[in-house]
Amino acid sequence: MNIGLIPNGEPGVFRSLLLPEIADAMVNDERIIGLAVTIDNTAVGAIAGIPEEHRLLILSFYVAPEYRRRQVGTLLMNTMIDISKNLMLGIEIAYTVTEEEHKTLQPFLEHLNFREEAHEKAIYITTVQQAVQILPQNNSKKIGLSFSQLDDYILSKATKMAMRNFDQIPEGGLESKHVARDVSVAIIKDNEISAYIAVEQSRSGELIISAIKADQCSPSEFIRLLHSDLFLLKHKYPPETKLICQAVKTEGFALLKRLLSDCLEQVSYTYYRAL
């Protein structure tokens, strides 16, 4: 079993062991540190990380299934830990997996003295049907308008206000072409948007709640707005359509998480190992 650096510029035979976007990034970004393990001249595992402020962030980590539980992953991670020590950095790994996969990876990382951290960008997933079924039915009278009923001026004005107040907004603003306007909803007060739930659809078909603003409405109003949104989603998409939420430190997401806690499954995790 041999371990060595993956040359920056072109990962070559190790490309298949890296996330595609990381393999591509290594072509132009010399900061990325890549390591690979070979057994009998066969590439069997790879890891890549990048120094970032106080940490070495793991970007990609993979061992071929037939070579797992043979110390390949341990060798890769321990070598990257040694590099982080030489750089005087802690080391962090964040990944998106199923709960069952997490149960496998968690003891491996904890054995290497990594500790799970609550992360403001943790990702949760449910389905449209599960969200509709779990949402409390009291205060169920719907309120709000879909973005498709609002003109760009109102959406643009709300985007500018949100940026000034450091509120969460989708990339490109509420008026972005990536926002699914017919299933994104807002409360209008005094001809201005006071609360909203913005939804986007990924290329693979999942729905993403990309922004929530709820600090200027009551919890009961937000529940009714969420009912409005789920009503639109239920009537447009199949019940099994994935609904993805990314954790952010806002009142809106905290309330959403509390309301849907019984059906939200965490699928991203962050572990950190101090220097």
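Me: How far apart are the mean positions of the positive and negative charges of the chain?

Reply: Before the charges, note that this is a predicted model: local features need pLDDT of at least 70, side-chain atom pairs count only at pLDDT 80 or more, and totals for chains, interfaces and linings use all residues. Residues are numbered from 1 along each chain as its sequence is written, and side-chain values use heavy atoms, with hydrogens and water left out. Lys and Arg count as positive and Asp and Glu as negative, without His or the chain ends, and each charge is placed at NZ of Lys, CZ of Arg, CG of Asp or CD of Glu. For the 28 positive and 35 negative charges, the distance between the two mean positions is 4 Å.

Me: Thanks! How many strands does the chain have?

Reply: Helices (H or I, at least four residues) and strands (E, at least two) are DSSP runs, numbered from the N terminus. The C-alpha atoms occupy a box of roughly 65 × 35 × 30 Å along the principal axes. Alongside seven helices, the number of strands is 14.

Me: What percentage of the residues count as buried?

Reply: Here buried means under 20% relative accessible area, exposed over 50%, and partly exposed in between (1.4 Å probe, protein chains only). The accessible surface, from the Shrake-Rupley method with a 1.4 Å probe, totals about 14,700 Å², with 50% of it on carbon and sulfur atoms. Among the 275 residues, the buried part is 46%.

Me: Among contacts between residues at least 6 apart in sequence, what percentage join residues at least 24 apart?

Reply: A contact is a pair of residues with heavy atoms within 4.5 Å. Of the contacts that pass the limit of at least 6, those joining residues at least 24 apart make up 69%.

Me: Which residue forms a salt bridge with R31?

Reply: Side chains of opposite charge can pair when their charged atoms come close. A salt bridge is a side-chain nitrogen of Lys or Arg within 4 Å of a carboxyl oxygen of Asp or Glu, and the structure holds 10 of them. R31 is exposed at 51% relative accessibility, while its partner is buried at 18%. With the closest N and O atoms 2.9 Å apart, that partner is D29.

Me: Is K213 buried or exposed?

Reply: K213 pairs with D215 in a salt bridge, at 2.7 Å from N to O. D215 is partly exposed, at 41% relative accessibility. K213 has a relative accessibility of 7%, so this residue is buried.

Me: Which residues are joined into one network by salt bridges that share partners?

Reply: One pair in this network is E52 with R55, at 2.3 Å from N to O. E52 is partly exposed at 32%, and R55 is buried at 16%. The salt bridges with shared partners connect E52, R55 and E92.

Me: How far apart in space are R55 and R224, C-alpha to C-alpha?

Reply: R55 lies in strand 4 (residues 55-63). Setting aside residues up to four places away in sequence, R55 touches I50, L89, G90, E92 and Y272. R224 is 169 residues away from R55 in sequence, and their C-alpha distance is 42 Å.

Me: How far apart are the end C-alpha atoms of helix 6?

Reply: The expected span of a helix is 1.5 Å times one less than its number of residues. Helix 6 has 18 residues (219-236), so the expected span is 26 Å, and the end C-alpha atoms agree with this at 26 Å.

Me: Which helices do the buried residues of helix 6 pack against?

Reply: The buried residues of helix 6 include F222, L226 and D229. Their packing partners include strand 9, strand 10 (192-201) and strand 11 (207-213). The helices in question are helix 4 (128-134) and helix 7 (251-259).

Me: What is the relative accessible area of S184?

Reply: S184 sits in the loop between helix 5 (152-164) and strand 9 (185-189). Beyond its neighbours within four places in sequence, S184 contacts residues including F147, V179, I197 and D229. S184 is buried, because its relative accessible area is 0%.

Me: Where is N191, which has a positive phi although it is not a glycine?

Reply: The phi of N191 is about 65 degrees. N191 counts as exposed because its relative accessible area is 57%. Its place is the loop between strand 9 and strand 10.
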